[in-house]
Amino acid sequence: MTPPDDFDPPLGTPETLAPGLQRIVAPNPSPMTYRGTNTYVIGQTNLAVIDPGPMSDSHLDAILATCTGQRRITHIFVTHSHLDHAPLARPLSQATGAPVLAFGGATAGRSAVMSQLAQAGLNDGGEGIDTDFVPDQTVQDGQVIACDDWALRVIHTPGHLGNHICLAWGDICFTADHVMGWASSLVSPPDGDLTDFMASCARLAQEQWRVFYPGHGAPITTPLERLEWLFTHRLAREAAIWDALSAGPKTASQIAQAVYSDTPAALLPAATRNVLAHLIDLMGKSQAKPLGTLHAQTAFERIEHG
């Protein structure tokens, strides 16, 4: 999906999005992060920071600069342990004394099938994991963390990463990398699990949201429409991959080159991991099987039924 060209916020400058809500975009633009990681600051006096972002002295200074007057940071939330979301949490905690809250470390929430794949040696697909990340406090699905003028409800949304969470603030949801407007979320085994991802999308779709604030890109003002787009997009990819297997066994890389024909070469490795995620999902549905030991270069063949 082509990013909207009108989203070009100033880096390192707090912008007020709503009463009690500011966004600061980190200086880490890239093909995988769009304009940069969105750091959110919630509250009027006692502040919650969502996703401090990558290791960056200037971004740390920008976050700390929001603490004017009586304002102080009391909670630091990390939605998942990718390198563009988690590393700055520890320096920010050291500077403020605020605890770091997250679902868990790098492998927390990983599905059983992905754990098996990792144990079998499929460990070359991690897209920038902060393997050293450890929160001060672990949060659980459904838990509500409240402080003065804000309350955030934890929604465990594995798929992009096993430890990924979204945070509900009334009818607003901070969706991090699970739902974004500028692109579909990366699902890269063994860190990402497409079966989990689709289940998490279905769960979010059960609630009535007013706006999604993603980890990258502009706010999503039609949340349920965006979720429906994600469902449709993934099902279309699945159909294309299924069709690609009709001519015989293929690897994820071979399918990616055919299915993602309009994708820049720099993003083809990520596209290949997405295809692998679909193939593993099809394997779980007994619609495809690997030929030999499962790894990134394994060829798959489709299973015909009926």
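How many positive and negative side chains does the protein chain have, and how far apart do the centres of the two sets lie? In this predicted model, there are 17 positive and 30 negative side chains, and the two centres are 3 Å apart.

The overall dimensions make a good place to continue. For a chain of 306 residues, a compact globule would be expected to have a radius of gyration near 19 Å, and the protein chain agrees with this because its own value is 19 Å. Along the principal axes, the C-alpha atoms occupy a box of roughly 65 × 40 × 35 Å. Of the 306 residues, 55% are buried. The accessible surface amounts to about 12600 Å², and carbon and sulfur atoms contribute 51% of that area. Contacts tell us about the path of the chain as well: among those between residues at least 6 apart in sequence, 65% connect residues at least 24 apart. In terms of secondary structure, the protein chain contains seven helices and 15 strands.

Turning to the strands, strand 1 (residues 15-18) and strand 2 run antiparallel and are joined by three bridges. One pairing to look for is T16, whose bridge partner in strand 2 is Q22. These two strands make a hairpin with two residues between them, and G20 in the turn has a positive phi of about 80°.

Another set of strands forms an open sheet, in which three strands follow the order 13-15-14 with antiparallel pairing. Strand 13 (250-251) and strand 14 are the edge strands, each pairing on one side only. The antiparallel contact of strand 13 with strand 15 (residues 299-302) consists of two bridges, and here K250 is found opposite F300 in strand 15.

Among the helices, helix 2 (residues 89-96) offers a clear view of packing. Its buried residues are A89, P91, L92 and S93. Which elements do the buried residues of helix 2 pack against? Their partners are strand 4 (46-50), helix 1 (57-64), strand 5 (72-77) and strand 6 (100-102). Just after helix 2 comes G97, with a positive phi of about 80°.

Some backbone details deserve a closer look. Most residues other than glycine have a negative phi, and most peptide bonds are trans. Against that background, Y34 has a phi near 60°, a positive value in a residue other than glycine. Y34 sits in the loop between strand 2 (21-25) and strand 3 (38-42). Is Y34 buried or exposed? Its relative accessible area is 8%, which is under the 20% cut-off, so Y34 counts as buried.

S286 is also a residue other than glycine with a positive phi, again near 60°. The loop that holds S286 runs between helix 7 (268-284) and strand 14 (288-290). With a relative accessible area of 39%, S286 is partly exposed, because that class lies between the limits of 20% and 50%.

Finally, the peptide bond from P189 to P190 is cis, with omega near 0°. P190 can be found in the loop between strand 11 (172-176) and helix 4 (194-204).

Technical notes. Residues are numbered from 1 along each chain as its sequence is written. This is a predicted model: local features need pLDDT of at least 70, side-chain atom pairs count only at pLDDT 80 or more; totals for chains, interfaces and linings use all residues. Side-chain values use heavy atoms; hydrogens and water are left out. Helices (H or I, at least four residues) and strands (E, at least two) are DSSP runs, numbered from the N terminus. The radius of gyration is taken over C-alpha atoms; the globule rule is 2.2 Å times the number of residues to the power 0.38. Buried means under 20% relative accessible area, exposed over 50%, partly exposed in between (1.4 Å probe, protein chains only). Contact means heavy atoms within 4.5 Å. Accessible areas come from the Shrake-Rupley method with a 1.4 Å probe; for residues, only the protein chains shown count as cover. Lys and Arg count as positive and Asp and Glu as negative; His and the chain ends are not counted. The place of a charge is taken as NZ of Lys, CZ of Arg, CG of Asp or CD of Glu. Two strands pair if DSSP finds at least two bridges between them.
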